[in-house]
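Visitor: I am new to this structure and would like a close look at one part, the sheet. Could you take me through how its strands are put together, and how that part sits within the whole?

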Amino acid sequence: MKTKHDQAHDASKGASVKKLAALWPVAKGSLTLTRSPCTRKNCRECASGRKHPKLIFTFREGGRLRGMYVRPAHEGPVRKAIANGRELERLMAGAGRDLVLSPRQDTEP
Ligand SMILES: [Zn+2]
């Protein structure tokens, strides 16, 4: 049978899960704008040295730094996912703090 404490814990867990679900999609990394040349002959932008803007998503995978090209249409969603990822990390830090401070640690083995 569930105690009042368990019910309160379940309610707070439910609220946390809702908060986490609202943060999807998430990403961890950063966006960098670079400029690179294209393959067209006699390109004015390349000849002028301005070249072409290119957005790169940089992230770590298995300890290695990776960079991937981001299509312009994906910039908004990727920026939002990175912001969500930062918020998720903040929530995780708070959840760890709350777990350690939880009164349950006094009553359970
Ligand atoms: Zn060009």
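**The sheet and its setting**

Guide: Read from the N terminus on, the elements of this protein, which is a predicted model, follow the order α-β-α-β-β-α-α. That makes 4 helices and 3 strands. Its radius of gyration is 23 Å, well over the 13 Å that the globule rule gives for 109 residues, so the protein is more spread out than a compact globule. Taken along the principal axes, the box that its C-alpha atoms fill is roughly 75 × 25 × 15 Å, and buried residues account for 1% of the 109 residues.

With that setting in mind, we can turn to the sheet itself, which is open, has 3 strands in the order β1-β2-β3, and is built with antiparallel pairing. The edge strands are β1 and β3, each of which pairs on one side only. On average, and with direction ignored, neighbouring strands of this sheet are turned by 35 degrees against each other.

Let us follow the pairings one by one, beginning with strand β1, which covers residues 30-36 and is joined by 7 bridges to strand β2, residues 52-61, the two running antiparallel. A place to look for this pairing in the model is Ser 36, which stands opposite His 52 in β2.

On the other side, β2 is joined to strand β3, residues 64-70, by 7 bridges, and these two strands also run antiparallel. Along this pairing, Phe 59 stands opposite Arg 66 in β3, while Glu 61 has Arg 64 of β3 as its bridge partner. Between the strands of this hairpin, formed by β2 and β3, there are 2 residues, and Gly 62 takes a positive phi near 60 degrees there. As you trace any of these strands, it may help to keep in mind that in a regular strand the side chains alternate between the two faces of the sheet.

The sheet also has a helix lying across it: helix α3, residues 75-101, lies across β1, β2 and β3, and runs at about 145 degrees to β1. Finally, to see how the chain as a whole is connected through its contacts, consider those between residues at least 6 apart in sequence: of these, 49% join residues at least 24 apart.

Terms used: Residues are numbered from 1 along each chain as its sequence is written. This is a predicted model: local features need pLDDT of at least 70, side-chain atom pairs count only at pLDDT 80 or more; totals for chains, interfaces and linings use all residues. Two strands pair if DSSP finds at least two bridges between them. The radius of gyration is taken over C-alpha atoms; the globule rule is 2.2 Å times the number of residues to the power 0.38. A residue is buried if 20 or more other C-beta atoms lie within 10 Å of its own, exposed if 12 or fewer, and partly exposed in between; C-beta atoms are placed from the backbone. Two residues are in contact if their C-beta atoms, placed from the backbone, lie within 7 Å. Axes are lines fitted to C-alpha atoms, for helices over the stretch in contact, and angles run from 0 to 180 degrees between N-to-C directions.
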